[in-house]
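Trainee: I have a new structure to learn. Can we go through it, with reasons for each term?

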Amino acid sequence: MKSNNHYFFGGVDTVELAKKHETPLYVLSEDIILENINTLKKCFIDKYDNVKVLYASKAFLSVAMAQIIGREGLGIDVVSGGELFTVMKAGFNPKEIFFHGNNKTQKELEMAIDYDIGQIVVDNLYELELLIEILKKENKTQDVLLRLSPGLTNIDTHEYIITGQRDTKFGFQIDESLKNDIIPRILSEDRLDLKGFHYHIGSQLFDNETYLNAFKLIFDLIEWTKNNYNYSTEILNIGGGFGIPYHEDIQPLDIEKILSEIMDTIEKEFKQANMTRPQVIIEPGRWIIGPAGITIYKIGAVKSIEGIRTYAAVDGGMSDNIRPSLYNALYSADIANKYNQEKTHIYTIAGKACESGDILVKDINLPEIETGDYLIVHTTGAYNFSMASNYNRMLIPAVVLVSKGKERVIVKRQTYEDIIGRDISL
Ligand SMILES: Cc1ncc(COP(=O)(O)O)c(C=O)c1O
């Protein structure tokens, strides 16, 4: 939204936000989060029987975020003790928590069992044995899903965010050992109740073919377990990964179309095989929270290198948004205090970390920049705050939630005292 040449987000003037809360500053729009959740309700939850949406909390998590997700009736996926602890502190219904991850520690598994969470998604044989041992010790039982690697060969996204290929650290390979040793081992184990299967093929996907191909491979296994062990899968969790446009040139994904194609295929296959369709779960993270976030920075040094480029440096960078340096992620940006001005200059936006690779946006058209201007990087809701670090002892920014012209801080900005809070002086 535009007004007085300032960029407004969630009805709030971002220049005023920057002045009030300091920069860098993460801003999340509750209105966009709710709009995205409502779209999922309309085109998935309310449209089909026996389906569920889990929010993949790794994309962005704080106590307030978990509370929004709980209030909206979604489940949640966690992958670590820290995420689990946060979600529990937010008062989340433990039965709606699914615990993922390729190397859950004994402590994390004990925590999950103590909290009585809904599902543990077992990733490997080591974890399976460890889980059984803990359950025996605590005299408890646990519902589980098995994480599978579909072994796809052609997934169109960055290699760092592919997970569904054969060469992966995630999940069980679908092979003879799974079929003849692991599945019967789980089925015969009194402490475990195998509810079904899970896979997640990758992130930032736009191509539905990958989802459909993965499902077909998993369906073969579901059919095989039915025929060989008379085992009926109750839950099929097909993961997240739905892509979002980080850039004007990228077309948004038609989530309704994608989900209806996936559901049509799933329903058809189960019907043809004369089997009851299990509960279908999706677990989007980025799709819900990514477009709901922006980051505001203040511009400091502006440096022109004759015939090469002009750098404009901001007061944050790879410590609050690692994605451009990690896997060349593209972002779009605007000058918050010159929003309606013509974009006459080309800049490269540099972070302030001591790494040449700390570049947030390369060669972007913007109005002429002056020191003291505020830069907005768009679509930073997912995997920015959650991947933030204290590299160079930079402070992790605050998070402000905006909605209909109102704002509230949901994560306080770190302080220098926080930075040394765990240091022990000699
Ligand atoms: C198991 C699992 N589910 C869901 C997600 C969420 O992915 P996205 O944020 O791309 O939807 C991930 C991301 O890594 C994942 O590993």
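Trainee: Which residues come nearest to the ligand?

Mentor: Ser203, Gly241, Glu283, Arg286 and Tyr383 come nearest, among 14 residues around the ligand. Bear in mind that this is a predicted model.

Trainee: What makes a residue count as being around the ligand?

Mentor: One of its heavy atoms must lie within 4 Å of the molecule. The 14 residues around the ligand are the shell. This shell divides into 3 nonpolar, 6 polar and 5 charged residues.

Trainee: Why is the pair between Tyr383 and the ligand called a polar contact?

Mentor: A polar contact needs a pair of N or O atoms within 3.5 Å. A polar side-chain atom of Tyr383 lies 2.6 Å from an oxygen atom of the ligand. That value is within the cut-off, so the pair is a polar contact. Lys58 also qualifies, because a polar side-chain atom of Lys58 is 3.2 Å from a ligand oxygen. With Gly285 a polar backbone atom takes part, 3.0 Å from an oxygen atom of the ligand.

Trainee: How much of the ligand does the protein bury?

Mentor: Taken alone, the ligand exposes 390 Å². The protein buries 91% of that.

Trainee: Now helix 1. How do you know that its buried residues are on the same side?

Mentor: The buried residues are Thr14, Val15, Leu17, Ala18 and His21. They cover an arc of only 160 degrees around the axis, which puts them on the same side of helix 1. The face turned away from that side carries Lys19 and Lys20, which are exposed.

Trainee: What makes Lys19 and Lys20 "exposed"?

Mentor: The term requires over 50% relative accessible area. Both lysines are classed as exposed, so both exceed that cut-off.

Trainee: What is found at the start of helix 1, and what just after it?

Mentor: At the start, a side-chain oxygen of Asp13 reaches to within 2.8 Å of the backbone nitrogen of Val15. Just after the helix, Glu22 takes a positive phi of about 70 degrees.

Trainee: Why are strand 14 and strand 15 said to pair?

Mentor: Pairing takes at least two bridges. Strand 14 and strand 15 are joined by 5 bridges, so they pair. They run antiparallel. The two form a hairpin with 3 residues between them, and Gly307 in the turn has a positive phi of about 75 degrees.

Trainee: How many bridges link strand 15 to strand 17?

Mentor: There are 3, in the parallel sense. Ala313 stands opposite Ala350 in strand 17.

Trainee: Which side chains of strand 15 are buried?

Mentor: Thr310, Ala312 and Val314 point to one face and are buried. Arg309, Tyr311 and Ala313 point to the other and are not.

Methods. Residues are numbered from 1 along each chain as its sequence is written. This is a predicted model: local features need pLDDT of at least 70, side-chain atom pairs count only at pLDDT 80 or more; totals for chains, interfaces and linings use all residues. Side-chain values use heavy atoms; hydrogens and water are left out. Buried means under 20% relative accessible area, exposed over 50%, partly exposed in between (1.4 Å probe, protein chains only). Helices (H or I, at least four residues) and strands (E, at least two) are DSSP runs, numbered from the N terminus. The arc is that of the directions from the helix axis to the C-beta atoms. A polar contact is a pair of N or O atoms within 3.5 Å; within protein, one must be able to donate a hydrogen and the other to accept it, and residues adjacent in sequence count only if both atoms are side-chain atoms. Accessible areas come from the Shrake-Rupley method with a 1.4 Å probe; for residues, only the protein chains shown count as cover. Ala, Val, Leu, Ile, Met, Phe, Trp, Tyr, Cys and Pro count as nonpolar, Asp, Glu, Lys and Arg as charged, and the others, Gly among them, as polar.
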